[in-house]
Amino acid sequence: MTSPWLVWQLADSAFPAGGFAHSGGLEATWQLGCVNDFEAYLDPSLWQTGSLALPFVRAACAGRSLVELDALSDATLSNHVANRASRAQGRAFWATARGVFEENDAVRSLARGTSMHVAPIFGATLGALGLREREVCSLYLHTSLRGILSAAVRLGIVGPLEAQRLQAVRAGLLERVIASCAELEPEDAAQTFPLADACSALHDGLYARLFQS
């Protein structure tokens, strides 16, 4: 059985996984005026995480070839900003895990021959640490929600207490996302929030940027 202390460590915002340098497309979508209701951005983003990323997380955790999954993830992320961000976050997460869990040979050898896209490397790394698929998918979805909320606070869209309220009331939604996407394979991965994807592709052209993506 996985130690709960390990799960809590991985879920802690102090674990330096590199995600806080990215807004998940929120910065560009908000600046461009494509949405003016934060909750109308937040919920579709979580569903997109479920349909686009969780299939890779789950398959990698289950032991499917990381090289194969990484290549498929690279092809799936046609948006150059999202693709770049995925690789940057994957490298940061794996480098941290390799340093923290340096005695785990399986973790140290994972990224060979890959671009280190975040969803498959996250799943493979946590699988190598002994976490179960459900735990890994829940952690990935939790960190995705936390990252968007953190970005919203730093962009001045919501305050810290409002961000925590929004997180608290989404427990049921997170469960529905996990349940609805439980049977999806990486070949089923799909972009379900095209508005945000199109806006995020314009991130590099913003006049002022706080985040990398």
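# A tour of an all-helix model

Of the 213 residues of the protein, 48% count as buried; keep in mind throughout the tour that what is on the screen is a predicted model.

**Whole chain.** Begin with the entire protein in cartoon view, where 11 helices and 0 strands are to be found, so that its radius of gyration of 16 Å can be set beside the 17 Å that the globule rule gives for 213 residues; the two are close, and the protein is therefore as compact as a globular protein of that length. Turned along its principal axes, the C-alpha trace spans about 45 × 35 × 30 Å. If you draw the contacts with a separation of 6 or more, 80% of them are accounted for by residues 24 or more positions apart.

**Surface and charges.** Switch next to a surface representation, which for this protein corresponds to about 10000 Å² of exposed area, with 55% of it supplied by carbon and sulfur atoms. Colouring by charge brings up 16 positive and 21 negative side chains, and the centres of these two sets lie 4 Å apart.

**The nonpolar core.** Hide the surface and select the largest nonpolar core, a set of 61 residues in which Leu10, Phe38 and Leu131 touch the most other members. Among the helices that each supply at least two residues of this core are helix 1 (4-11), helix 5 (80-100) and helix 8 (133-154), while the largest share, 12 residues, comes from helix 3. In soluble globular proteins, nonpolar side chains tend to be buried together. Centre the view on Leu10 and, setting aside residues up to four places away in sequence, you will find that Leu10 touches Phe15, Phe101, Leu126, Leu129, Leu131 and Leu139.

**Helix 7.** Now select residues 118-128, which form helix 7. Because 9 of its 11 residues are buried, helix 7 is largely enclosed by the rest of the structure; the buried stretch comprises Val118, Ala119, Pro120, Ile121, Phe122, Gly123, Ala124, Thr125 and Leu126. Which helices do the buried residues of helix 7 pack against? Showing the neighbours brings up helix 1, helix 3, helix 4, helix 5, helix 6 and helix 8.

Within helix 7, pick out Phe122, which is buried with a relative accessible area of 7%. Leaving out residues up to four places away in sequence, Phe122 touches Val57, Phe93, Val136, Leu139 and Tyr140. For one of these partners, Leu139, a distance can be displayed: the C-alpha atoms of Phe122 and Leu139 are separated by 9.7 Å, although the two residues are 17 residues apart along the chain.

**Either side of helix 7.** Step back to Met116, in the loop between helix 6 (105-108) and helix 7, and check the backbone there, since phi of Met116 is near 65°, a positive value in a residue other than glycine. Met116 counts as buried, as its relative accessibility of 15% falls under the 20% cut-off. Beyond the other end, helix 7 is followed by Gly130, whose phi is also positive, near 95°.

**Gln48 in helix 3.** Finish at Gln48, which lies in helix 3. Is Gln48 buried or exposed? At 15% relative accessibility, Gln48 counts as buried. Apart from its neighbours within four places in sequence, Gln48 is in contact with Ala53, Gln191, Thr192 and Phe193. A last distance to draw runs from Gln48 to Ala196, whose C-alpha atoms are separated by 10.0 Å across 148 residues of chain.

Conventions
Residues numbered from 1 in each chain as written. Predicted model: local features only at pLDDT ≥ 70, side-chain atom pairs only at ≥ 80, totals over all residues. Heavy atoms only, no water. Helix = DSSP H or I, 4+ residues; strand = E, 2+ residues; numbered from the N terminus. Rg over C-alpha atoms; globule rule 2.2 N^0.38 Å. Buried < 20%, exposed > 50% of the residue type's maximum accessible area, 1.4 Å probe, protein only. Contact = heavy atoms within 4.5 Å. Areas by Shrake-Rupley, 256 points an atom, 1.4 Å probe, with all protein chains shown as cover. Lys, Arg positive; Asp, Glu negative; His and termini not counted. Charge placed at Lys NZ, Arg CZ, Asp CG, Glu CD. Core = buried A, V, L, I, M, F, W, Y, C linked by side-chain atoms within 4.5 Å.
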